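Me: I have a model with a ligand in it, and I'd like to understand the words people use for it. Could you take me through them?

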Amino acid sequence: MPKQIQGQYQGESKSLAIVVSRFNSTISQRLLEGALDALNRHGVASENINLYWVPGAFEIPSVVQQILKATPPHAVICLGAVIRGETPHFDYVSAEVTKGIAQLGMQANIPVIYGIVTADTQEQALDRSGIKMGNKGFEAAMSALEMISLYQQIR
Ligand code: INI
């Protein structure tokens, strides 16, 4: 039987940074509520959560980079919504934020969690932020706790 290593959902004495974009704020506010709910239910003290607001999803990676350089928490959760609409802006913004978060996650010693909803329509985005298909913010926070624990076990 192989030794199996997996993360636990243990929030006590864990510190988290949440970087959330104001663009499409109806959605990002819901993602934030989901994330805070998950963290609260798993024992993360609210004074151990720092919330950073940025104008749009494009700005998320650069702020995460600053957080990583300053005093890194146990994990960073990135939340935002990129909606296709009718401009090619969607493709640029969604590609950059996705690539940026992935690169930072690879370089950092802490988990950097991708909680960005990318959707064709606002309705689809709402579905993924608590209406029909779960809340991606809640899921991102759960992933953060699991990954913190997994990183600690690897060390
Ligand atoms: N920012 C988002 O977070 N979501 C979007 O859907 C979006 N679209 O499609 O334009 C968006 N654009 C703004 C962008 O993130 C930057 O804030 C802006 O370009 C300034 O750098």
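Me: What makes the shell around the ligand divide into nonpolar, polar and charged residues?

Reply: The shell has seven nonpolar, four polar and one charged residue. The classes are fixed: Ala, Val, Leu, Ile, Met, Phe, Trp, Tyr, Cys and Pro count as nonpolar, Asp, Glu, Lys and Arg as charged, and the others, Gly among them, as polar. Do keep in mind that this is a predicted model, where local features need pLDDT of at least 70, side-chain atom pairs count only at pLDDT 80 or more, and totals for chains, interfaces and linings use all residues. Residues are numbered from 1 along each chain as its sequence is written, and side-chain values use heavy atoms, with hydrogens and water left out.

Me: Why is the pair between Glu59 and the ligand called a polar contact?

Reply: A polar contact is a pair of N or O atoms within 3.5 Å (within protein, one must be able to donate a hydrogen and the other to accept it, and residues adjacent in sequence count only if both atoms are side-chain atoms). A polar side-chain atom of Glu59 is 2.5 Å from an oxygen atom of the ligand, so the pair qualifies.

Me: Why is Ser13 called exposed or buried?

Reply: Exposed means over 50% relative accessible area, buried under 20%, and partly exposed in between (1.4 Å probe, protein chains only). Ser13 has 63%, so Ser13 is exposed.

Me: And what about Asn24: buried, partly exposed or exposed?

Reply: Asn24 has a relative accessible area of 23%, so Asn24 is partly exposed.

Me: What makes the phi of Asn24 worth a look?

Reply: Its phi is positive, about 55 degrees, although Asn24 is not a glycine. Most residues other than glycine have a negative phi.
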